[in-house]
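Work through these exercises with the model open. Try each task before reading its solution.

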Amino acid sequence: MQVPETIFAMNDVSFRFPDDSHQTLSSVTFSINRGERVAISGPSGSGKSTLLYLLNRLYPMNCDGIVKGEIELFGKASELYAPGEINKRVATVFQDPDAQFCMPTVEEELAFTLENMRTPAKEIEKRIDRVLESTGLTHLKYVNIQTLSGGMKQRVATACALVMEPEVLLLDEPISHLDPLTAKEFISWLDLLQRRFGLTVIAVEHRLDSWGAFFDREIAIDRAGNIAEDREFIPHETLHYPARIKSVSDEDSLSAEGLSVTIKDRTLLLPLSFTSKKGECIVIAGPNGSGKSTLVKALCGILKKDSGTVSAHACGYVPQSPEFLFLTPSVSREIAFSGTSSAQELEELMESLRLAEIAEHNPFAVSHGQKRRVAIGAMLADKRNILFLDEPTSGQDQRALLELFHLIEERLISGDTVFIVTHDMEFAASVADSVLLLKEGHLSGMFPAEQIWEETDLLAEHNLLPPKGVMQLAESPA
Amino acid sequence: MLNSWKLKEIVLMSLFGVVFGIVYLLFIHLGNIWAGLIGPIAYEWMFGIWFIVSIICMHIIRKPGAAVMPETMAAVIEVMLGNAVGPRLILSGIVQGLGAEAAFAVTRYRHFNLFVFMLAGIGAAVFSFIYGFFVSGYAALDPSFVALMFTLRVLSGAIIAGIGGKYIGDALLATGSLRGYAIARSKTGDASA
Amino acid sequence: MRNLLHDMNPAIKFVMVTVVMLGLAFFFNPWTPLLFFFGVICLQLFFSRMDWKIWSLFMLPFTLGAFGYLWTTIVFGAETEGTVIWSLFGFEVTDEQWAVALSLAFRVLAFSSLSLLFALTTDPVRFVMSLMQQLKLSPKIAYGVLVGYQFLPVLKDEFFQIQQAHRLRGAATEKYWWQRLLGIRRVIIPMLAGAVRKAERSAFAMEARGFTGEARTEFYRPVRAGRLDMVMSLVIVALFVGSCVFGVYLSG
Ligand SMILES: Nc1ncnc2c1ncn2[C@@H]1O[C@H](COP(=O)(O)OP(=O)(O)OP(=O)(O)O)[C@@H](O)[C@H]1O
Ligand SMILES: Nc1ncnc2c1ncn2[C@@H]1O[C@H](COP(=O)(O)OP(=O)(O)OP(=O)(O)O)[C@@H](O)[C@H]1O
Ligand SMILES: [Mg+2]
Ligand SMILES: [Mg+2]
């Protein structure tokens, strides 16, 4: 047996952003051996990404951060590396599939990476073909990256990382925008690659339950930026949500008839019809690019519909980036913007959404969870009783998910109707009364939540997986 | 000069160039219709719009070159979009950017307050006017008419670019998204960095 | 033959177009820009696969602009000598004034056609690559611009999405154009906030791929400059000199 070779070592490392007063990471000590598969977990804002960026030397230079302690990369102090030097051995895939490319096509993007490595021009083509073949992406060689779905972009980003033939692969929440089946494929594909190339894989992840037994080891960081735990990886249990009290009434709240959407001669939604009730929670699910966001936008009147009718007056919409909605520089003015509710009502609303304490903050400057609450608050203050939430679950930690769960439950009990677009099947199973399945712009149907999770084939057709907690949920007493 | 620039600052200027490229093109649209009716003076009162990206970026980044570069990049991107003003936009972008840059250079990149921003807007207006005087042949026009055009452009530079640029920069600072840039480090937007 | 303008090295084409444009600014006779304008059209006819429908569409607003120039110069032209050739609403137009007015209007046409010659025969990405390879533009700036360029559709979509989201909030659709202009500021802030975030992420992604901004030595798709560019440059210069000489001669 070989002696394991240490490639990364941190010794009592603290890190502080120059305009912060507190340490983002404090006294972090660990070492990572070649070939290990390490997960980094911890609540939102605990400094996981920061830690990753210290390993690929994006920090401290890029943020003028202040580092104390020793960081050793491949047995050499990290300060001694020239800019860009370490990035030839350590490759990174980031969380946001939209913002990690700089060239138009896949081929050019790969060539960009190889040019950075000063690969001789003659070899570039060969290397590109080789990596595309080994990652199964050959058919995408000349495709424009911005036209790909989120999942495909993420795979292209991984190919760009692998074309450098790195020793270490760093991943920052690589699956948070992927539909469940694509995410699963991504993980098994990564598993294959790791075996073939003997990579060291270090990944930041909130949803470790999706990764099965991929990892060997888990480093957990706590809120204060200390290492809370550093242990052998044990597959994670899924998050348990409390059982929900059903609140569906008989009264219709929204019905769509023959709704279809066409943009620039492309049919994004084929005619579809369904009806929802007051107090009902409807989950909209389907593969990446199947038209979920399009459906939501058409229902609340943001996109022009091609045909059909929607009978609903007051639809509230919370986009994936809630800041798109914001119009004013303070939370309280944001909520009061339309002037539909009385001062008394506004106050109660702010109280129930826990916005009172940030009433005077700029809505852009609050945390992501708070932004969503502000947006929901604004919609409710406009007396909109049908809410559409587009991917409220992506990139959220467990606490935020539970908080979201309770927020939705409360709205349902008070008789609102909530539509949720999500790729998180566990969350969907815990809140949904019914599920709308979409595929390539076609509505496969509206199914009652109790039965859909058992129909594995139907789910698989829509790139979905049965929620892992479904059995436990079924058995637990209501 | 380039070595003191972080890549993220350069990409930021480029993306701002794109955002304002879109806005600029909207305005060219608007201006062209007018220009047919009332002649080149149609553009004068809103000329400041075309200088605004220099001032916003300098407000945020506060390094030598942060006024010329974004203006030039915005122009290159507009050219890449393939509009009919074409390659000479790059030249006018550089000229306008240099005008704004001059004001910051004169104050030695120490002061970033409303006065300096308005000065930069005026600088851009003056430079671009001299350039326009030559390229568009204003020499053929009546001096008093040229003086009117000049006054309008300077006012527009000071008000739209100077005041508007500071307003947008400050509003952006309040959103908290500018952590990690010079503007956030000088706590109050006005203080010299 | 008809691909020559498309195949020309973009940076050299850019330099030629810019130099010729600046050169044209020295001429105040109507013939030079007019001859040049027709010359450019001929160039495009022979050496490019121009889509004339798009060309006309782009030219249209500038024709309007040229008209604006024409009458501005007539009405607000500097005092000149010369004989009055006609008068209208009390404005007396001398032959010299008329010539300068025509010249400036034709100049707008000549500039626009030259710009279109560049814009419609040049691949934007190759243009930036060639600025980097031939004119030694810093890779940091070149790739910075490319990132911006490929975000363009994304940002454009966002622009309209934000506008629509605001409309949903009941941010009144303004009646007057100046209210609509002021309304843009509300869209700009979220756009820019998003742009700041995207900029940081893309920059990190580029650095994580080993991009340092040093001048490069190896190019996968080098943009070359060669004999063709010499020839085409000469053609453009010849057209320019020809228009100047004949223009001066015709109006002299
Ligand atoms: N440039 C910056 N300047 C100042 N503070 C920052 C900067 N970037 C991040 N922070 C703060 O540092 C802390 C750690 O951020 P980091 O992105 O590492 O968290 P994270 O664990 O990756 O969170 P998430 O799970 O939400 O991605 C956060 O509180 C964040 O607000
Ligand atoms: N404005 C548009 N113009 C043209 N095509 C569009 C437009 N908006 C979306 N599309 C296309 O419509 C399809 C559906 O997009 P949509 O955003 O609704 O997918 P989605 O189901 O929300 O996917 P994801 O899970 O990745 O968010 C995609 O193929 C997308 O490329
Ligand atoms: Mg993170
Ligand atoms: Mg979507």
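**Exercise 1.** Which element gives the most to the shell around ligand 2? Then describe the polar contacts and the burial of ligand 2.

Solution.
- The model is predicted. Start with the shell: 14 residues surround ligand 2, with A:Gly289, A:Gly291, A:Lys292, A:Ser293 and A:Thr294 closest.
- Sort by element. Strand S12 (266-277) and helix H6 (292-299) of chain A each supply at least two shell residues. H6(A) gives the most, with 3 residues.
- Sort by residue class: 3 are nonpolar, 7 polar and 4 charged.
- List contacts to oxygen atoms of ligand 2. A backbone N or O atom of A:Gly289 lies 2.7 Å away from one. The side chain of A:Lys292 places an N or O atom 2.8 Å from one. For a polar side-chain atom of A:His423, the distance is 3.0 Å.
- Finish with area. Ligand 2 alone exposes 650 Å², and the protein buries 69% of that.

**Exercise 2.** Which chains surround ligand 1? Support the reply with contacts.

Solution.
- Of the 14 residues around ligand 1, the nearest are A:Ser44, A:Gly45, A:Lys48, A:Ser49 and A:Thr50.
- Residues from chains A and B surround ligand 1, so the site is shared between chains.
- From chain A, a polar side-chain atom of A:Lys48 lies 2.7 Å from a ligand 1 oxygen. A side-chain N or O atom of A:Ser49 is 2.6 Å from an oxygen of ligand 1.
- From chain B, a polar side-chain atom of B:Arg179 lies 3.1 Å from an oxygen of ligand 1.
- Alone, ligand 1 exposes 640 Å²; the protein buries 77% of that.
- The shell divides into 2 nonpolar, 8 polar and 4 charged residues.

**Exercise 3.** Is B:His59 buried or exposed? Find its side-chain partner.

Solution.
- Locate B:His59 in helix H3 (residues 52-61) of chain B.
- Its relative accessible area is 0%. The cut-off for buried is under 20%, so B:His59 is buried.
- A polar contact of 2.9 Å joins its side chain to that of B:Asp170.

**Exercise 4.** What span should helix H10 (residues 398-413) of chain A have at 1.5 Å a residue? Then trace its packing.

Solution.
- The 16 residues of H10(A) should span 22 Å. The end C-alpha atoms are 23 Å apart, which agrees.
- Buried residues include A:Leu401, A:Leu404, A:Phe405, A:Ile408 and A:Leu412.
- An α-helix has 3.6 residues a turn, so residues three or four places apart point the same way.
- The buried residues of H10(A) pack against several elements of chain A, among them H8 (343-352), H9 (368-381) and S17 (417-421).
- After H10(A) comes A:Gly415, with a positive phi near 95 degrees.

Conventions. Residues numbered from 1 in each chain as written. Chains lettered and ligands numbered in written order. Predicted model: local features only at pLDDT ≥ 70, side-chain atom pairs only at ≥ 80, totals over all residues. Heavy atoms only, no water. Near = heavy atom within 4 Å. Polar contact = N/O pair within 3.5 Å; in protein donor to acceptor, adjacent residues only side chain to side chain. Areas by Shrake-Rupley, 256 points an atom, 1.4 Å probe, with all protein chains shown as cover. Helix = DSSP H or I, 4+ residues; strand = E, 2+ residues; numbered from the N terminus. Nonpolar A, V, L, I, M, F, W, Y, C, P; charged D, E, K, R; others polar. Buried < 20%, exposed > 50% of the residue type's maximum accessible area, 1.4 Å probe, protein only. Expected span 1.5 Å × (residues − 1). Contact = heavy atoms within 4.5 Å.
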